[in-house]
Amino acid sequence: MDNGPPPLADVLVVGAGMAGAAAARLAADAGLRVLALDKGRGPGGRLSTRRVEAGGFDHGAASLQAQGEDFRGWLAAQLAAGHAARWGENWVGVPGMNALLTGLLEGIEVRWSSTVAALDRVSGHWRALDAQGQPLAGAERLVLAVPAPQAHSLLTATAASAEWGAAGSVLLAALQAVRYAPCWAGLAVVEHVEGRAAPTCPDAAALAAAGLAAMIREGSKPGRNAAGHWVVHADADWSTRYLELSAEEAAHRLRSAFVALTGIDDGAIRSFGAHRWRYARPIHGLDPALAGAIEGLALAGDAVGWCAEAGTPPAEQAWRSGREAALRLLAARGCLS
Ligand SMILES: Cc1cc2nc3c(=O)[nH]c(=O)nc-3n(C[C@H](O)[C@H](O)[C@H](O)COP(=O)(O)OP(=O)(O)OC[C@H]3O[C@@H](n4cnc5c(N)ncnc54)[C@H](O)[C@@H]3O)c2cc1C
């Protein structure tokens, strides 16, 4: 395993969701060669947009909130560039949420459908390995921007072989303590039936009574071609209780709730699918001081530095953590004055 190819980049980013993309952008803008690997087929992560025959669904985050001036400013720049739009008080990517990442990753080499199964460090360089132990890429600096349980499993073997000692043990324990709330998302396509009103959103009390957190009419967002598309988010309790259901069974239950709450005829539903997000939003984050505890490695992601009291929206936290990870690596490399 020591005879991998020479490093291909100055910075290797594993995971090109909001956090990894923000890190990649900042490092590339500072003049570094950046290579990102992501197991997905295209940009999104938890800001994914699923394309179906008749338009799309934002089946992860439905919209973004902005708390800090820096994130608000970045979203305003995305709006000016045509990647974002306002949706009430919130922000959405256009034509789908994943457009926010497409904009961030412009000009950056990303290898999609590249699942990293292990990481190792050889002669001061990080390498990402596939399931067969073959090197996918390498670099002196690594931004690891995947959810904490996945970061934990990728780093466990490395920690043992790299003899990180106490710092490695503390980091691994802290990664293991990170917690996320899951979310089952139901995706409905509703046929317009002549003479019948379109379904409308029930109020918050009715949603909560059914175990739902939100019901979103995709066509109400700007720049969408999504007439008849609805996304239903189960709340954290419902999602936790039914976490291990099959997608078919979860879809069946969410469909019943959707029909009962909107009063529509079940026959008007053309399709109804479900997607499970095992790690939708952080509920217990990682101490940001640990994110740079290991030389040449910076951790990023919505859980890094997230704390419930601050109330920072998770996607904003992901964006900021990615930028901070890149800044940390740049500083360590002497790229900052
Ligand atoms: C249903 C739902 C609703 C939400 N609502 C909101 C909201 O209203 N407001 C808000 O702020 N946030 C919301 N969020 C959370 C928000 O989407 C996330 O905080 C944010 O997108 C996280 O970005 P990230 O880069 O940290 O992680 P991710 O988006 O999870 O990115 C991680 C990336 O790593 C890749 N990856 C993982 N493992 C590997 C591997 N082994 N090899 C290669 N690649 C790998 C994945 O494919 C993914 O692209 C919501 C999320 C969900 C699911």
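# A guided tour of the predicted model

A search of the whole structure finds 8 aromatic pairs, a pair being rings of Phe, Tyr and Trp (its six-membered ring) whose centres lie within 6.5 Å. The model is predicted: local features need pLDDT of at least 70 and side-chain atom pairs count only at pLDDT 80 or more, while totals for chains, interfaces and linings use all residues. Residues are numbered from 1 along each chain as its sequence is written, and side-chain values use heavy atoms, with hydrogens and water left out.

**Aromatic rings**

Select Trp 74 and Trp 319. Their ring centres are 5.9 Å apart and their planes meet at 35°, so the pair is tilted; planes under 30 degrees apart would count as stacked, and over 60 as edge-to-face. Trp 74 belongs to helix H2 and Trp 319 to helix H9, so this pair ties together parts that are 245 residues apart in sequence. Helices here are DSSP runs of H or I with at least four residues, strands are runs of E with at least two, and both are numbered from the N terminus. Both Trp 74 and Trp 319 are buried, that is, under 20% relative accessible area (exposed is over 50%, partly exposed in between; 1.4 Å probe, protein chains only). Add Phe 71 to the selection: ring pairs link Phe 71, Trp 74 and Trp 319 into a cluster.

Next, display Arg 86 and Lys 221. Arg 86 lies over the face of Trp 91, at 4.1 Å from the ring centre. The charged end of Lys 221 sits over the ring of Trp 87, 5.5 Å from its centre. The criterion for a charge over a ring is NZ of Lys or CZ of Arg within 6 Å of the ring centre and within 35 degrees of the ring normal.

**Helix H1**

Select residues 18-29, which form helix H1. At 1.5 Å a residue, its 12 residues should span 16 Å, and its end C-alpha atoms are 16 Å apart, which agrees; the expected span is 1.5 Å times one less than the number of residues. Of these 12 residues, 9 are buried, among them Met 18, Ala 19 and Leu 26. Which elements do the buried residues of H1 pack against? They include strand S1 (9-14), strand S2 (34-37), helix H2 (69-80) and helix H9 (314-332). Beyond the helix, H1 is followed by Gly 31, whose phi is positive, near 95°.

Remain with Ala 19 and select Ser 321, which is found in helix H9. Ser 321 is buried, with a relative accessible area of 2%. Not counting residues up to four places away in sequence, Ser 321 touches Ala 19, Ala 300, Gly 301 and Val 304, where contact means heavy atoms within 4.5 Å.

**The ligand**

Now select the ligand. It is surrounded by 32 residues, the closest being Ala 19, Asp 38, Arg 46, Gln 65 and Asp 302; a residue counts if one of its heavy atoms lies within 4 Å. Show the backbone atoms for three contacts:

- A polar backbone atom of Met 18 is 3.1 Å from an oxygen atom of the ligand.
- A backbone N or O atom of Lys 39 lies 3.0 Å from a nitrogen atom of the ligand.
- A polar backbone atom of Pro 314 is 3.3 Å from an oxygen atom of the ligand.

**Helix H8 and Gly 263**

Move to helix H8 (247-262). At 1.5 Å a residue, the 16 residues of H8 should span 22 Å; its end C-alpha atoms are 22 Å apart, which agrees. Its buried residues include Leu 254, Phe 258 and Val 259, and what covers the buried residues of H8 includes strand S11 (179-190), strand S12 (212-217) and helix H7 (236-241). H8 is followed by Gly 263, whose phi is positive, near 75°. Is Gly 263 buried or partly exposed? At 47% relative accessibility, Gly 263 counts as partly exposed. Leaving aside neighbours within four places in sequence, Gly 263 is in contact with Arg 196 and Phe 258.

**Backbone details in loops**

Most residues other than glycine have a negative phi, and most peptide bonds are trans. Select Val 94 and Pro 95: the peptide bond between them is cis, with omega near 10°. Pro 95 is in the loop between strand S6 (90-93) and H3. Finish at Ser 123, which has a positive phi of about 45° although it is not a glycine. Ser 123 lies in the loop between S8 and strand S9 (125-129) and, at 69% relative accessibility, counts as exposed.

Conventions: A polar contact is a pair of N or O atoms within 3.5 Å; within protein, one must be able to donate a hydrogen and the other to accept it, and residues adjacent in sequence count only if both atoms are side-chain atoms.
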